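Dear colleague,

I am handing over the structure that we spoke about, and it is shown just below. Please look through it first and then read the notes that follow.

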Amino acid sequence: MTKFSDLNLNSKVLKAIDEAGYENPTPIQAGAIPAALEGRDVLGIAQTGTGKTASFTLPLITQLARGRARARMPRSLVLCPTRELAAQVAENFDTYAKHVKLTKALLIGGVSFKEQDILIDKGVDVLIATPGRLLDHFERGKLILNDVKVMVVDEADRMLDMGFIPDIERIFGLTPFTRQTLFFSATMAPEIERITNTFLSNPERIEVARQATASETIEQGVVMFKGSRKDREASEKRKVLRGLIDAEGEKLTNAIIFCNRKTDVDIVAKSLKKYKYDAAPIHGDLDQSQRTRTLEGFRNGELRILVASDVAARGLDVPSVSHVFNFDVPGHPEDYVHRIGRTGRAGREGKAITICVPRDEKQFDAVEKLIQKEIPRLDNPVKPTKPAEAKDDKPKSTRSRSSSKTEETVETTATNEETKSSRSRSSSGRSRSSSSRDDRSTNKVVGLGDHTPSFIGLSFEERMAS
Ligand code: AMP
């Protein structure tokens, strides 16, 4: 087995690795580090959890240990799709470069330009940035990329999902042709293949096993769930989620709940809080300080449940999550693999449970096809709600009429969101019959047309239950 000491890393870097407690390089590290130190381009096909951050950070620090940066001309550039990931790479840098004198700057949104300008003006060895923010600085004339010797692109497939590929191409064009490129992606979509063929020169290609095949320690399950009525599906689904959480009892030490949409991240987190679960949301629209605080709390065990969007959770290094819940089946089957990869890390046991509604069944089939495995069907932990029982679907301590208001607000938002999506579906002509059925089941309010909130026409009891 390869040892870190066989890899030609700087002795100060080796010391930091030793202090971090790492015994041996992971496969992506053993493959990428020697090639990177020889100055070759690297194409790493690996996802988070494989040790890929160190596979580019360690050789980068070794290479930069000699030399010094000039004002406004960074010597290396690391591009990350999200602020959190960029911040995490910066943290890794601090860990591995603690015995080497190097300067770094983190260019991410939500931090003032002025502070970042001061750092850049002094000269930085390593610039870690999200593509948009980097280009903002460039366009303000504050940054010169002519001296970039090494450029790292991390999580390129996520960049593709987020529409950053044109920015990445532009940044490639702004850096010298002679630069070295270390490029990482979990998957090789055709567009990623094209970029690597265009901008990488004879790269060393290292592919590590997909996490789905590696993590046999993750117990998976799915609840196939259909709402009793379309306008109740969202709230009933949240009830199923609570049932699943409760069923895990103390085995659930901490969990990440994934939703496909930011609005649902907010709604689910708010609803869980309302029901006295220790939960908080994280997604791209929340301000940076709040995101940092939430993450910090989750990492150090103060927060039990993190409700997240894929983008926000991507690459987050939270070492021991006992449970992952997919409140929605992800749109891309690869995301399922990323999501469940948050649990069962480093040989620990983990559990991943998905809730699948009828309209997501096709997507769920795609997930099973990708992982080449049938995911066991679980019973719905919640008994079907009869109308007479509906009012029991309220937090125990908040059954008074006044305090149910908050939940009603939450539910109303959800209902409006549902209405929106059913409107867009019906506009594409797919659910004409169901929308006319909805019209019959609600007392349509003249003048509101399609904008009639679906709770109008329900009794107070029904509204409270929804
Ligand atoms: P990454 O894939 O970069 O997100 O890394 C996942 C986790 O593995 C991080 O917590 C790293 O600190 C840790 N890690 C990276 N390299 C090693 C190693 N060689 N041995 C043990 N842990 C490692």
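**The ligand and its surroundings**

An oxygen atom of the ligand is 2.5 Å from an N or O atom in the side chain of threonine 53, which is a polar contact in the sense of a pair of N or O atoms within 3.5 Å. Taken alone the ligand exposes 500 Å², of which the protein buries 77%; the accessible areas come from the Shrake-Rupley method with a 1.4 Å probe. Please keep in mind that this is a predicted model, in which local features need pLDDT of at least 70 and side-chain atom pairs count only at pLDDT 80 or more, while totals for chains, interfaces and linings use all residues. Residues are numbered from 1 along each chain as its sequence is written, and side-chain values use heavy atoms, with hydrogens and water left out.

Two further contacts involve nitrogen atoms of the ligand: one lies 2.9 Å from a backbone N or O atom of asparagine 24, and the side chain of glutamine 29 has an N or O atom 2.8 Å from a nitrogen of the ligand. In total 13 residues surround the ligand, the closest being Tyr22, Gln29, Gly49, Gly51 and Thr53, where a residue counts as near if one of its heavy atoms lies within 4 Å. This shell divides into 3 nonpolar, 8 polar and 2 charged residues, with Ala, Val, Leu, Ile, Met, Phe, Trp, Tyr, Cys and Pro taken as nonpolar, Asp, Glu, Lys and Arg as charged, and the others, Gly among them, as polar.

**The sheet of 7 strands**

One open sheet has 7 strands in the order β3-β4-β2-β5-β6-β1-β7, with parallel pairing. Its edge strands, which pair on one side only, are β3 (104–107) and β7 (204–207), and the twist averages 10 degrees from one strand to the next. Strands are DSSP runs of E with at least two residues, helices are runs of H or I with at least four, and both are numbered from the N terminus; two strands pair if DSSP finds at least two bridges between them. Strands β1 (residues 42–45) and β6 (residues 180–185) are joined in the parallel sense over 4 bridges, and isoleucine 45 has serine 185 in β6 as its bridge partner.

Helix α2 (residues 27–37) packs on this sheet, touching β1, β6 and β7 (contact means heavy atoms within 4.5 Å), and its direction makes about 170 degrees with that of β7. Angles run from 0 to 180 degrees between N-to-C directions, with axes fitted to C-alpha atoms, for helices over the stretch in contact. Helix α9 (residues 190–199) also touches β1, β6 and β7, at about 170 degrees to β6.

**The sheet of 6 strands**

Another open sheet, also with parallel pairing, has 6 strands in the order β8-β13-β12-β9-β11-β10. Here the edge strands are β8 (218–224) and β10 (279–282). Strand β8 runs parallel to β13 (residues 350–356), to which 7 bridges join it, and valine 222 has threonine 354 in β13 as its bridge partner.

With best wishes

Definitions and conventions: Polar contact = N/O pair within 3.5 Å; in protein donor to acceptor, adjacent residues only side chain to side chain.
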